[in-house]
Amino acid sequence: MFQKTRIRLVTLNVIVVFLLLNGLGSAVYFTMKYRLYSQVDRELAKVAQRLMVDPLPRLQRNNEDQFPYNRMDRKKFNEMDRRYALIAWDSLGTAIGTAFGERLEPEDLPRFRSVAKQDGIETLSFNGETFRVHTVTMPKKVIVGDRLQIAMQYQVVYNLAPEQNMLSSLLYVVAIGDAVSVVIAIVAGLFLARRALIPIQVSWEKQQQFIADASHELRTPLTAILVNLERLFRYPDHTIEQESEKIMIGMQETRRLSKLVADLLTLARSDSNELQIMKQKLRLDELVQKCTQVFAQMAIVKEINLETEIEQPLEIVGDEERLHQLLVILLDNALKYTNEGGKIFVSCKREGQRVTVMIKDTGIGIPKDDIPYLFDRFFRVDKMRSRQTEGTGLGLSIAKWIVDAHHGKIQVSSEEGVGTSFYLSLPIK
């Protein structure tokens, strides 16, 4: 699935890059072509205007070899490039002579006449060459060879070979640039798509693992409840007292199932940002004291010494219900995994603009390799032990969410056989 998505992203990226580069290249190409042609047209118009006002240079017959025009003509038309040529036509549409520098073959002259039906500037291509032609209709006497004739129409012709070469080079550069850019876009797209899909893939894998773990956790209590209900039907004449053990097991699994569903609902709402944190001023020292008093009675039953060191007063802004849930999760874990005769120490004090809470126990401890995964959902250090203590592996995930929602930090330090310490740091405001 991710491979197909990656290919689609790369393809879309290449198409977008290709279209953008082609659009930019086309814009540059046509802009350059317009500017070159406009410059040529201005020169053609300037030359045509000079020809209308000044005396014409001496023309040569169209069947003679090209020769330079005289000194006076060179002086008057010294700005003329050798790529320009002048063609004079009589009233019958016959070329009577040419002038200036561009060599025009006599057999090519009718090609210019065929497109010069009216005054203006046109583009003509033949024999692999492109010309810009400016036609002016104006009766005027000219000297062709040694004879005086009357020309009815004139054409100033410019060979666009240099401009065409420049445009061809530009088009070649644009094409090469497009090809190189497409290759770069493919390589970069593959790399960026892979990097972009990593968080999604990790999230997908976690979701799949979460679904599998949740299904397993839900199936276990449901199976226990179903088995015990089936046993009750085997002996319909038994009294409630006789089947009390099976009923008790069913009730325990029901409570466990209810807690698991509540934890799952809490995490689901936190992921979708539907679970709001209701922040208000509260006394954190009183909240810690209240929680420890409840667990102190349970610790006495288990013969565990629970000590506290709580600084007063400690006022912060937070959600009292969620902070109470956080403390219950941590104290419950400490009580579960501390053996008889052990010790639990709880401290709460102010450090600058933050309040720190430490819950330290002398329990079984956590392997160092498992500490980075401690806040993952359904993660258990010892699954068999967690089963005996009715754990679901969701408590610390909820605790981490509560701390993050309060812009706090939670850290863990542990050593197997020595104990575990949880450090909470919450901002006062």
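Which residue takes a positive phi in the hairpin of β3 and β4? In this predicted model, the residue is N127, with a phi near 55°. The hairpin has 2 residues between its strands. β3 and strand β4, residues 129-144, run antiparallel and are joined by 7 bridges. Two of the facing pairs can be named. G120 has T135 in β4 as its bridge partner. E122 stands opposite V133 in β4.

β4 also pairs with β5. Here 12 bridges join the two strands, again in antiparallel fashion. V133 of β4 stands opposite V157 in β5. The hairpin of β4 and β5 likewise has 2 residues between the strands. Within this hairpin, G145 takes a positive phi near 70°.

These strands belong to an open sheet. The sheet has 5 strands in the order β2-β1-β5-β4-β3, and the pairing is antiparallel. At its edges lie β2 (95-99) and β3 (120-126), each of which pairs on one side only. On average, neighbouring strands are turned by 35° against each other, with direction ignored. Helix α1, residues 2-53, packs on this sheet. The strands touched by α1 are β1 (84-89), β3, β4 and β5 (147-159). The direction of α1 makes about 5° with that of β4. As a general rule, side chains in a regular strand alternate between the two faces of the sheet.

Attention now turns to the helices. Two packed helices are described by the angle between their axes and the distance between the axes. For helix α7 (residues 320-336) and α9, the angle is about 140° and the axes are 9 Å apart. The crossing of α7 and α9 is left-handed. On the α7 side, the contact involves R322, L323, Q325, L326, I329, L330 and N333. On the α9 side, G395, L396, I398, A399, W401, I402 and V403 take part. The residues of this contact comprise 10 nonpolar, 3 polar and 1 charged.

Helix α9 spans residues 395-405 and is mostly covered, with 9 of its 11 residues buried. The buried residues are G395, L396, S397, I398, A399, W401, I402, V403 and A405. After α9 comes H407, which has a positive phi near 55°.

R322 is found in helix α7. Is R322 buried or exposed? R322 counts as buried because its relative accessibility is 13%, under the 20% cut-off. R322 and A405 lie 83 residues apart along the chain, yet their C-alpha atoms are separated by 9.7 Å.

The nonpolar interior was examined next. The largest nonpolar core has 49 residues. Those with the most contacts inside this core are L284, I316, L323, L326, C348 and F422. Helix α7 gives the most to the core, with 8 residues. The contacts of L323 can be listed, leaving aside its neighbours within four places in sequence. L323 is then in contact with L282, L284, L287, I316, G318, I402, H406 and L426. One of these partners, I402, is among the buried residues of α9. Another core, of 23 residues, lies apart from the largest one. Its members include V136, M138, Y154 and L160.

Key. Residues are numbered from 1 along each chain as its sequence is written. This is a predicted model: local features need pLDDT of at least 70, side-chain atom pairs count only at pLDDT 80 or more; totals for chains, interfaces and linings use all residues. Side-chain values use heavy atoms; hydrogens and water are left out. Buried means under 20% relative accessible area, exposed over 50%, partly exposed in between (1.4 Å probe, protein chains only). Helices (H or I, at least four residues) and strands (E, at least two) are DSSP runs, numbered from the N terminus. Axes are lines fitted to C-alpha atoms, for helices over the stretch in contact, and angles run from 0 to 180 degrees between N-to-C directions. A crossing is left-handed if the near helix is turned anticlockwise from the far one by less than a right angle, and right-handed if clockwise. Contact means heavy atoms within 4.5 Å. Ala, Val, Leu, Ile, Met, Phe, Trp, Tyr, Cys and Pro count as nonpolar, Asp, Glu, Lys and Arg as charged, and the others, Gly among them, as polar. Two strands pair if DSSP finds at least two bridges between them. A nonpolar core is a set of buried Ala, Val, Leu, Ile, Met, Phe, Trp, Tyr and Cys residues joined through side-chain atoms within 4.5 Å.
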